[in-house]
Amino acid sequence: MVTAPLCKICSAETVRHLYRSQRYGFQVGRCTGCGSTFVLDKINESELKDMYSDDSSFERFSNMMDNEKVSKRHLDALHLLKQLLPSGTISPRIFDVGAGSGYFLNQAREFGFEVYGSELSDAAICSAHRRYNITLSPLPLEQELRTDFFDVVTMWGLIEHVLDPLSIIKQAFRLLRCGGFLYIYTPVWCFYDDIGLGLAQYCGWTRLLDRRITLAHLQLFSTEAMRKTLAAIGFELCRMEVVCEYNLPVTAYLESLGVPARVRNGLATALDQLIDRGLFFRNNMRVFCRKPLA
Ligand SMILES: [Zn+2]
């Protein structure tokens with residue numbers, strides 16, 4: 001057990017050390033209070049920004065994320081958000097935090113939303129403008145001045161990346177009008193990670209977990225931590241699901257794990273079939289919550 005750092009999600013004072021990444025050297029622990037898992041090493045804002053400043057890897061990542069499965073996931077969320085919003089809401093305003101290349105916002109615009117968003121990466125801001133004519137703000141969320149303005153705030157694969165996830169969720173609360181919705185999509189610790197942890201602790205092989213917790217994926221919320229966090233900030237939870245959804249092509253995952261090319265395609269086809277039927281590990285959570293009516 002170590003007594004520092006404090007959990008940045010629930011402020012508990014004890015964190016259990018889990019493993020050290022063999023490849024990258026950082027330490028990973030789990031909060032004994034809320035069950036969230038996170039990188040214990042301190043990372044600062046400029047180191048984080050550096051991670052997202054590589055234009056070529058950003059373009060490669062964006063191209064992989066522009067796929068049919070991700071597109072359907074976005075449309076399902078937009079359908080549900082439209083159902084949740086009061087009938088007669090014309091051109092609801094949506095703000096996507098960490099909007100990447102603007103793929104989701106472009107779909108939201110086609111769906112009738114008035115779109116806004118922010119992004120840390122300069123490459124992403126340029127890409128969103130070039131691909132979709134969407135202008136993203138480079139400012140941190142606390143500098144967004146439109147309080148009580150938006151009908152929906154979305155965070156797709158965001159809160160696992162940020163230094164201060166609580167602050168981001170609090171800012172979303174401020175930006176939303178009363179009755180507005182926050183949507184969060186983020187990885188959650190699953191049985192796949194338990195297998196990875198077993199391998200890390202008993203063999204020192206951390207490559208499975210290095211795909212899930214990295215110096216970019218700084219924390220994985222537990223569902224309990226998510227519920228408590230949202231309630232403490234003042235949100236009403238509408239729906240929380242833990243789902244079997246893999247955003248990048250399975251072949252890319254396998255390649256990153258060092259699976260040889262000669263078996264990669266066959267294995268990817270088999271895994272894709274399991275994933276499509278929801279029979280693989282439930283690795284992500286999606287959460288709809290509402291800022292209460294005044
Ligand atoms: Zn905690």
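Two strands pair if DSSP finds at least two bridges between them. Strands here are DSSP runs of E with at least two residues, helices are runs of H or I with at least four, and both are numbered from the N terminus. Keep that handy for the tour.

**Before you click**

This is a predicted model: local features need pLDDT of at least 70, side-chain atom pairs count only at pLDDT 80 or more, and totals for chains, interfaces and linings use all residues. Residues are numbered from 1 along each chain as its sequence is written.

**Whole chain**

Start with everything shown as a cartoon. The protein chain comes to eleven helices and ten strands. Along the principal axes, its C-alpha atoms fill a box of roughly 55 × 45 × 35 Å. The radius of gyration, taken over C-alpha atoms, is compared with a globule rule of 2.2 Å times the number of residues to the power 0.38. For 294 residues a compact globule would come out near 19 Å, and the protein chain has 19 Å, so the two agree.

Now colour by pLDDT, the predictor's confidence in each residue, from 0 to 100. The average is 88, and 94% of the residues score at least 70. Where is confidence lowest, and where is it highest? Select helix 2 (residues 55-65) for the low end, at a mean of 65, and strand 4 (residues 93-97) for the high end, at 98. Where pLDDT is low, the predicted coordinates should not be read in detail.

Next, colour by burial. A residue is buried if 20 or more other C-beta atoms (placed from the backbone) lie within 10 Å of its own, exposed if 12 or fewer, and partly exposed in between. Of the 294 residues, 33% count as buried.

**Strand 10 and its partners**

Select 284-290, which is strand 10. Six of its seven residues are buried. Bring in strand 7 (residues 176-187): strand 7 and strand 10 pair in the antiparallel sense over seven bridges. Proline 187 stands opposite asparagine 284 on this side. Then add strand 9 (residues 236-243), which runs antiparallel to strand 10 and is joined to it by seven bridges. Here, valine 242 has methionine 285 as its bridge partner. If you turn on side chains, remember that in a regular strand they alternate between the two faces of the sheet.

**The four-stranded sheet**

Over to an open sheet of four strands, in the order 1-2-3-8, with antiparallel pairing. Its edge strands are strand 1 (15-20) and strand 8 (219-220), each pairing on one side only. Zoom in on strand 3 (residues 37-39), which pairs with strand 8 over two bridges in the antiparallel sense. Pick phenylalanine 38 there and you'll find glutamine 219 as its bridge partner in strand 8.

Just off this sheet's strands, click glutamine 22, in the loop between strand 1 and strand 2 (27-31). Glutamine 22 is partly exposed because 14 C-beta neighbours sit inside 10 Å. For contacts, the cut-off is C-beta atoms, placed from the backbone, within 7 Å of each other. Not counting residues up to four places away in sequence, glutamine 22 touches Gly204, Trp205 and Thr206.

**Two positive phi angles**

Which loop holds asparagine 133? Asparagine 133 is in the loop between helix 5 (122-132) and strand 6 (150-156). Its phi is near 55°, a positive value in a residue other than glycine, and it counts as exposed because it has 10 C-beta neighbours inside 10 Å. Aspartate 148 is found in the loop between helix 5 and strand 6 too, with a positive phi near 55°. Aspartate 148 is partly exposed, with 13 other C-beta atoms within 10 Å.

**Two domains**

Colour by domain, with bounds that come from an automatic or database domain assignment. Domain 1 is 15-244 + 282-290, and domain 2 is 248-278. Their centres, taken over C-alpha atoms, are separated by 24 Å. At the meeting point, six residues of domain 1 are in contact with nine residues of domain 2. The domain 1 side divides into three nonpolar, one polar and two charged. In that count, Ala, Val, Leu, Ile, Met, Phe, Trp, Tyr, Cys and Pro are nonpolar, Asp, Glu, Lys and Arg are charged, and the others, Gly among them, are polar.

Last stop: isoleucine 275, in helix 11 (residues 261-276). What does isoleucine 275 contact beyond its neighbours within four places in sequence? Select Cys244, Tyr246 and Phe280 to see those contacts. Isoleucine 275 counts as partly exposed, with 18 C-beta neighbours inside 10 Å.

Key:
Contact = placed C-beta atoms within 7 Å.
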